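The following paragraphs guide a new reader through one structure, from its overall composition to a few selected details. Please keep the sequence and the structure in view while reading.

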Amino acid sequence: MKPEPKKILIITYYWPPAGGPGVQRWLKFVKYLPDFGIQPIVYIPENPTYPIVDENLVKEVSDKAIILKHKIFEPYQLASFLSKNKTKKISSGIIPNKKKQSFLDKTFLWIRGNLFIPDARVFWVKPSVAYLEKYIVENNIDAIVTSGPPHSLHLIGLELKQKLNLKWFADFRDPWTTIGYHKSLRLSSFAAKKHKTLEHQVLNTADTIIVTSKTTKTEFQAITNKPIAVITNGYDTEEVEKQTLDTKFSLAHIGSFLSERNPLILWESLVELIHEIPDFKSHLEIKLIGAVSQEVLETITQFGLNSYLNNLGYVSHAEAIAHQRKSQVLLLIEIDSEDTKSIIPGKLFEYMVSNRPIIAIGPNGSDFAEIITETNTGVFFDYSEKMKLKSVILNFYNQFLEGKLQVNGIGLQRYSRKNLTKELVELIK
């Protein structure tokens with residue numbers, strides 16, 4: 001007789017039809033958990049305010065998952081009456097450059113940082129605890145997982161752990177108080193201290209912490225003695241038609257292009273190559289897919305690169321995968337800050353299996369630099385390496401002219417979503 005599957009309750013905010021990177025991690029874990037004898041039960045908001053929507057992802061939800069929904073009140077729903085555009089951008093992490101923030105920008109950021117701690121989904125905590133406490137007892141749930149950000153969801157886990165003393169795994173897709181945008185929230189000393197206190201409580205109450213990078217693990221080890229496991233994001237076996245490569249020498253950035261990620265060394269290198277290599281300008285295309293900050297667009301204009309720009313805006317996840325496979329070169333850019341060394345963008349793993357070379361720019365010592373190097377999928381540059389960057393772009397361009405531009409990744413299988421789910425199961429069983 002087959003043993004009863006273990007029941008795991010997953011508490012997450014981002015779930016289809018939400019688009020963007022935040023939804024992918026648990027969507028894919030839930031897809032594969034039943035293969036390992038786990039019954040996933042997913043608890044999500046009934047009426048969320050998603051900054052990005054991708055209806056196509058609804059088809060990817062496992063039919064073996066049980067989905068629970070409960071109403072949520074979010075201040076973004078009220079704030080959008082004042083300025084829908086600004087609310088959408090701030091809720092998706094697009095924060096205007098400090099020097100260019102309007103009074104309304106500053107007001108929204110101050111309210112977001114100081115009145116809603118840890119974030120604007122905090123009003124979902126109490127009703128969720130009341131609803132889930134009853135459900136967990138009645139349905140013999142074996143363990144719970146909370147996924148943040150939003151880190152309010154870890155407070156749901158904290159209260160349920162205190163009430164029921166069941167096994168709790170706190171999954172951090174991004175850090176809490178050291179994440180890049182945290183300093184932009186105009187926090188008062190009281191608010192900053194409250195964030196630190198809540199972070200400390202969560203990290204010292206959960207049975208196990210799950211993080212996506214080695215640097216975040218090291219940061220958290222300074223706060224807690226609880227076990228911390230690193231399970232990165234990964235790639236899935238996407239069914240995408242074979243793509244014909246772009247005829248242009250296309251450099252594609254896929255995902256949110258924040259103001260702080262504005263890579264001046266890249267724009268400078270491209271301008272110099274346009275002036276130095278006669279045919280370079282006739283082949284160049286800068287392809288931006290996803291939300292792009294106004295500052296990045298203005299910089300491209302200032303460098304005289306507008307005529308090479310193809311700004312496609314947000315596209316579905318399936319279309320993004322197709323663009324990854326037909327673009328000549330893929331751009332991965334992270335903020336030049338000590339705080340972002342731990343960030344491993346989820347799209348990196350999809351980039352790695354696209355068979356296209358990656359140009360990655362970020363702070364020296366970035367966790368994702370190690371992954372790119374060990375898998376032979378591209379070249380990493382810190383922000384001081386303009387000449388090296390320019391040389392690699394030229395090398396890629398020459399390979400493009402010869403029809404030989406490609407990459408041969410090694411050891412990619414360990415980052416498949418199914419293998420990563422196996423790691424997760426070994427942890428939670």
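The protein chain contains 16 helices and 13 strands. The model is a predicted one, and what follows should be read accordingly. Of the 429 residues in the protein chain, 55% are buried. Among contacts with a separation of 6 or more, 75% link residues 24 or more positions apart.

It is convenient to begin with the sheets. Seven strands make up an open sheet, and their order is β3-β2-β1-β4-β5-β6-β7, with parallel pairing. At its edges stand β3 (66-70) and β7 (228-230), each of which pairs on one side only. From one strand to the next, the twist averages 20 degrees.

Within this sheet, strand β1 (residues 6-11) is a useful place to start. It runs parallel to strand β2 (residues 38-45), and six bridges join the two. Residue I11 has Y43 as its bridge partner in β2. Between these two strands the chain passes through helix α1 (residues 24-32), and the resulting β-α-β crossover is right-handed. Strand β1 also pairs in the parallel sense with strand β4 (residues 143-148), here over four bridges. In that pairing, I8 has A143 as its bridge partner, while I11 stands opposite T146. Residue I11 thus has a partner in β2, namely Y43, and a counterpart in β4, namely T146.

The path across the sheet can be continued from T146, which stands opposite A170 in β5. Strands β4 and β5 pair in the parallel sense over six bridges. The chain travels from β4 to β5 by way of helix α6 (residues 152-164), in a β-α-β crossover that is right-handed. How much of strand β5 (residues 167-172) is buried? Five of its six residues are, so the strand is largely enclosed by the rest of the structure. Beyond it comes strand β6 (residues 208-211), which runs parallel to β5 and is joined to it by four bridges. In this pairing D171 stands opposite I210.

A further open sheet has six strands in the order β10-β9-β8-β11-β12-β13, and its pairing is parallel. Its edges are formed by β10 (309-313) and β13; each has a single partner strand, so one side of each is left without a neighbour in the sheet. Here the twist from one strand to the next averages 20 degrees. The partner of β10 is strand β9 (residues 284-289), which runs parallel to β10 and is joined to it by four bridges. Residue I289 stands opposite G313 in this pair.

Attention may now turn to the helices, and first to helix α14 (residues 367-375). Its buried residues are D367, F368, A369, I371, I372 and T375. The elements that cover these buried residues include α8 (214-221), β11 (329-333), α13 (347-352), β12 (358-361) and β13 (378-381). Among them, β11, β12 and β13 belong to the six-stranded sheet. Just after α14, residue N376 adopts a positive phi of about 60 degrees.

Residue N376 is also one of the contacts of G409, a residue in the loop between α15 (386-401) and α16. Is G409 buried or exposed? With a relative accessible area of 37%, G409 falls between the two and is partly exposed. Apart from neighbours within four places in sequence, its contacts are T375, N376 and T377. The loop residue G409 also lies 9.8 Å from T373, C-alpha to C-alpha, although 36 residues separate the two in sequence.

The loop that holds G409 leads to α16, and this helix meets the helix of the crossover between β1 and β2. The axes of α1 and helix α16 (residues 417-428) come within 9 Å and cross at roughly 80 degrees. The two helices are therefore roughly perpendicular to each other. On the α1 side, the contact is made by Q24, R25, W26, K28, F29 and Y32; on the α16 side, by R417, K418, L420, T421 and L424. By class, the contact comprises five nonpolar, two polar and four charged residues.

Technical notes:
Residues numbered from 1 in each chain as written. Predicted model: local features only at pLDDT ≥ 70, side-chain atom pairs only at ≥ 80, totals over all residues. Heavy atoms only, no water. Pairing = 2+ DSSP bridges. Right-handed = clockwise from strand over helix to strand, strands pointing away. Axes fitted to C-alpha atoms, helices over the stretch in contact; angles between N-to-C directions. Parallel < 35°, antiparallel > 145°, perpendicular 65-115°, else oblique. Contact = heavy atoms within 4.5 Å. Nonpolar A, V, L, I, M, F, W, Y, C, P; charged D, E, K, R; others polar. Buried < 20%, exposed > 50% of the residue type's maximum accessible area, 1.4 Å probe, protein only.
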